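Q: I'd like to learn how to read a model like this one. Could you walk me through it feature by feature?

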Amino acid sequence: MNQWASFGEWLAMGGYAAYVWPSIGLAIGTLLLNMVMARRRHAQALQRALRRLAVDGNGNGEA
Amino acid sequence: MATWTWFHKLGSPPHVYRIAGRFAPWFGWGALLCIVYGLFGGLVLAPPDYQQKDAFRIIYVHAPAAWLSLSCYTAMAVAAFVGLVWRMKIAHAAAAALAPVGASFAFVCLATGSLWGRPMWGTWWEWDARLTSQLILLFLYLGYMALRSAHDDLQRADRSSAVLAIVGVVNVPIIHYSVYWWNSLHQGATVMKADRPSMPTEMLVPLLVMFLGFTLFQLWVLCTRLRAEILDRERNARWLQEQLREGA
Amino acid sequence: MTAPTQTGLQVQGVHLWRGERHVLRGVHLDAPLGTFWHVRGPNGAGKTSLLRVVAGFLWPEDGKVVWNGQETRHLGDEFGAQMACLGHEPALKADLTARENIRYLVGLRRAVTDVELDAAFSRLGIAEHADRPTRMLSAGQKRRAAMVRVLLSDASLWLLDEPFTNLDVAGVELFTGLLAEHAAGGGVVLATTHQPIPAPGVRTLELA
Amino acid sequence: MNAGEGTVPTGMLAAAAATFRRDVALAFRRPGQMLQPVVFFLIVTTLFPLSLSPQLSQLRDISPGILWVGALLSSLLALESLFRADLEDGTLEQWVISGQPLAVQVLARILAHWTVSGLPLVAAAPLVGASLAVPASAFGTTMLLLGLGTLCLSGLGAAGAALTLGSRRASVLLSLLVLPLAMPILIFGARGVDLAILGEPTRGPLLLLSALTILTLSLTPWAAASAVRISLE
């Protein structure tokens with residue numbers, strides 16, 4: 001089943017390693033970047049909302 | 001009546017905030033699983049392409065990114081339309097949530113397309129119809145995000161970027177076919193012919209799994225960012241206080 | 001036949017946020033035809049916002065605006081035709097003469113003749129300036145030219161934001177007379193100003 | 001002088017015609033400003049021979065691109081202030097409450113703007129074409145194509161100008177929004193001029209560009225109208 005003779009041969013990607021691995025790396029990297037940015041965006045928004053809540057927690061939050 | 005209440009409930013921020021929170025983990029883990037399995041299938045198990053050998057494996061990230069960049073833009077336009085017509089803040093929040101991830105998929109698609117083209121055509125950039133229309137789509141994203149950040153008032157930013165998204169989505173097919181028409185004038189179809197249908201199953205299955213993985217990732221980012229956008233837009237709502245007091 | 005539709009303007013429970021501020025908090029107003037309203041309140045109380053909500057530029061987050069029994073949101077352009085606004089800017093193109101400006105703006109609504117224009121210009125005391133580019137007119141003269149537009153617009157609802165700014169004493173008297181006359185003639189007038197309006201039967205709407 | 005002595009309300013087309021006449025009259029009050037896009041067009045198109053080569057044969061091959069890029073950028077220049085002056089002096093508000101459909105007024109504005117800024121570019125096209133060794137036989141088609149292209153761009157630009165009304169530094173933003181959408185115009189237009197120079201039939205690009213213009217002029221007024229309403233909020 002496994003068509004690669006060795007781990008090294010798999011890494012070489014039939015001579016196209018210089019193109020395949022950067023592509024995969026870039027794609028995964030962008031996914032991770034998006035994940036981190038999304039989580040931080042939510043955390044920031046939550047902080048702002050909590051701070052606003054603390055400031056006028058009692059008063060004019062009517063819907 | 002049931003469909004209307006469903007649609008109506010989608011309009012209420014507290015409800016959407018909660019279900020986005022509940023669904024997010026499922027999308028997140030699902031995406032991770034699919035992408036790991038898809039990459040393993042594509043990079044290890046799938047046989048090399050008879051023509052492009054192992055370089056074709058870039059398709060496992062290139063094609064899903066291309067598909068996602070387009071589906072994100074369409075979803076943004078639909079959300080923008082709903083937001084404008086029914087004046088639903090949630091829809092504008094969804095459009096705002098989709099833009100960054102859509103733009104980054106467009107960029108990934110371009111970069112991997114260029115990396116894939118290098119061994120095929122010997123140049124980093126080739127004015128191939130697909131790459132060119134993808135480049136223009138990236139410009140549309142950048143224009144959208146530039147317009148959104150140009151307005152300080154959140155509501156005006158929402159509504160004017162919504163108009164742009166709708167105008168943009170009408171033009172996407174026009175741009176697509178005019179680029180293909182322009183490209184076919186000057187040269188025959190390029191050699192990058194790894195179209196999906198002609199692929200054997202052990203190559204095709206990982207690709208479909210990657211599509212699913214990327215889509216689930218898009219939904220995860222949508223849920224996470226949507227909650228942030230809702231928090232920004234619902235500053236003075238009472239439900240927000242109970243929600244925040246008992247933990248996000 | 002449904003209940004006889006209430007003529008005139010009703011503002012029902014209008015809430016409006018401008019960014020963080022809760023500008024209009026449940027504003028109520030029942031202005032039947034033939035009434036003259038003075039909208040009063042300190043700076044930032046939302047006087048201008050209220051006029052812009054009634055005019056349809058701003059959509060309230062809550063509550064509605066009803067004109068002659070129909071919600072203005074559903075009337076659309078039809079409501080625009082029955083309303084005239086006098087905002088902070090006189091809405092005059094500097095390079096065109098006052099006559100050209102007004103003939104165009106009123107012409108959007110109805111056919112207007114030079115006779116009517118001359119009569120209105122002289123009534124507002126700027127007949128001799130009607131044919132000079134508005135660039136050369138003083139602020140007060142521009143304000144009077146804008147009032148000509150309101151006068152000729154055939155609108156029954158008048159929304160005037162600080163109409164007396166840049167006007168001399170005679171101008172304020174003239175404008176007050178015109179507003180009262182329009183109200184007496186079956187129209188509805190909403191005017192925001194910090195000065196008292198010395199006209200009989202003026203009702204006030206206080207914005208906190 | 002109060003309301004309604006049997007006055008005749010103005011029809012939609014009459015109002016649009018009045019807006020068209022006023023805009024053109026307003027432009028002719030400052031003829032200098034009308035020439036600015038044309039001068040810009042002439043300057044931009046002289047940059048190419050200076051930066052490339054004086055050989056006429058070489059210039060002829062790329063003249064469609066030079067003509068079209070120059071025309072698009074020049075008309076984009078004039079588009080930025082399409083609604084800004086009206087917003088500042090309050091006339092834009094009068095449109096919204098004039099009782100006339102806003103989209104029709106915007107369409108009248110687009111046509112007036114095209115007449116004032118697009119047509120001068122078309123008139124200057126033969127001059128520029130000659131400087132780029134474009135054969136006189138191609139002038140007719142080139143002018144027709146450029147006329148359609150600038151009209152189509154005026155439609156797109158109107159939506160863009162309305163969208164950037166509230167923001168600072170709008171001219172850069174306007175090009176960022178409009179140019180990606182204008183690329184099909186460039187593709188069809190340049191191809192048409194290319195064929196015209198070679199003396200081949202140009203029905204294809206001509207019909208495609210006309211279809212695109214009709215589609216754009218029937219959609220963008222609505223987009224521009226809703227953008228105007230948004231900027232008045």
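A: Sure. Two strands count as paired if DSSP finds at least two bridges between them. With that in hand, look at chain C of this predicted model: 5 bridges join β1(C) to β4 (residues 62–67), and the two strands run antiparallel.

Q: Which residue stands opposite C:Gln10 in β4(C)?

A: That's C:Val66. C:Val66 also has a bridge partner in β5(C), namely C:Glu71. The pairing of β4(C) with β5(C) is antiparallel and covers 2 bridges.

Q: What about β1(C) and β2(C), parallel or antiparallel?

A: Antiparallel, over 8 bridges, with β1(C) spanning residues 9–18 and β2(C) residues 21–31. You can check the register residue by residue: C:Leu16 is partnered by C:Leu24 in β2(C), and C:Trp17 by C:His22.

Q: How many residues lie between β1(C) and β2(C) in their hairpin?

A: Just 2, and C:Gly19 in that turn has a positive phi of about 65°.

Q: Now the whole sheet. In what order do the strands of the antiparallel sheet in chain C come?

A: Read across the sheet rather than along the chain. You get β2-β1-β4-β5, an open sheet of 4 strands in chain C with antiparallel pairing. The edges are β2 and β5 (70–71) of chain C, each of which pairs on one side only. Helix α1 (residues 47–55) of chain C packs on this sheet, where it touches β1, β2 and β4 of chain C. The direction of that helix makes about 120° with the direction of β1(C).

Q: And which strands make up the parallel sheet of chain C?

A: This open sheet has 5 strands in the order β6-β7-β8-β3-β9, and the pairing is parallel. Here β6 (83–86) and β9 (202–206) of chain C are the edge strands, pairing on one side only. Ignoring direction, neighbouring strands in this sheet are turned by 15° against each other on average. For a close-up, take β6(C) and β7 (residues 157–161): they pair in the parallel sense over 4 bridges, and C:Met83 stands opposite C:Leu157 in β7(C).

Q: Let's switch to chain B. How many helices and strands are there?

A: 8 helices and 0 strands. Listed from the N terminus, the elements of chain B go α-α-α-α-α-α-α-α. Of its 248 residues, 50% count as buried. To see how the chain folds back on itself, look at contacts with a separation of 6 or more: in chain B, 80% of them come from residues 24 or more positions apart.

Q: How does the length of helix α2 of chain B compare with what you'd expect at 1.5 Å a residue?

A: The two agree. The helix has 33 residues (13–45), so it should span 48 Å, and its end C-alpha atoms are 45 Å apart. There is a bend to look for, too: a kink of about 30° sits at B:Phe23 in α2(B), shortly before the proline B:Pro25.

Q: Could we zoom in on one residue? Is B:Ala65 buried or exposed?

A: A residue counts as buried when 20 or more other C-beta atoms lie within 10 Å of its own. B:Ala65 has 28 within 10 Å, so B:Ala65 is buried. You'll find B:Ala65 in helix α3 (residues 59–86) of chain B.

Q: Which residues does B:Ala65 touch?

A: Leaving out residues up to four places away in sequence, the list is A:Ala27, B:Phe105, B:Val108, B:Cys109, B:Thr112 and B:Phe214. Sequence distance and spatial distance are worth keeping apart as you read. B:Ala65 and B:Asp54 are 11 residues apart in sequence, and their C-alpha atoms are 19 Å apart in space.

Q: A:Ala27 is in that list, so let's go on to the interfaces. Which chains share the most contacts?

A: Chains A and B, out of 5 pairs of chains in contact. In that interface, 29 residues of chain A are in contact with 37 residues of chain B. Helix α2 (residues 17–55) of chain A gives the largest share of chain A's side, 21 residues. Sorted by class, chain A's side has 18 nonpolar, 7 polar and 4 charged residues.

Q: How far apart are the closest C-alpha atoms of chain A and chain D?

A: They lie 22 Å apart, and no contact joins those two chains.

Terms used. Residues numbered from 1 in each chain as written. Chains lettered and ligands numbered in written order. Predicted model: local features only at pLDDT ≥ 70, side-chain atom pairs only at ≥ 80, totals over all residues. Expected span 1.5 Å × (residues − 1). Bend = angle between axes of the 7 residues up to and from the residue. Axes fitted to C-alpha atoms, helices over the stretch in contact; angles between N-to-C directions. Contact = placed C-beta atoms within 7 Å. Nonpolar A, V, L, I, M, F, W, Y, C, P; charged D, E, K, R; others polar. Buried ≥ 20, exposed ≤ 12 C-beta atoms within 10 Å, placed from the backbone.
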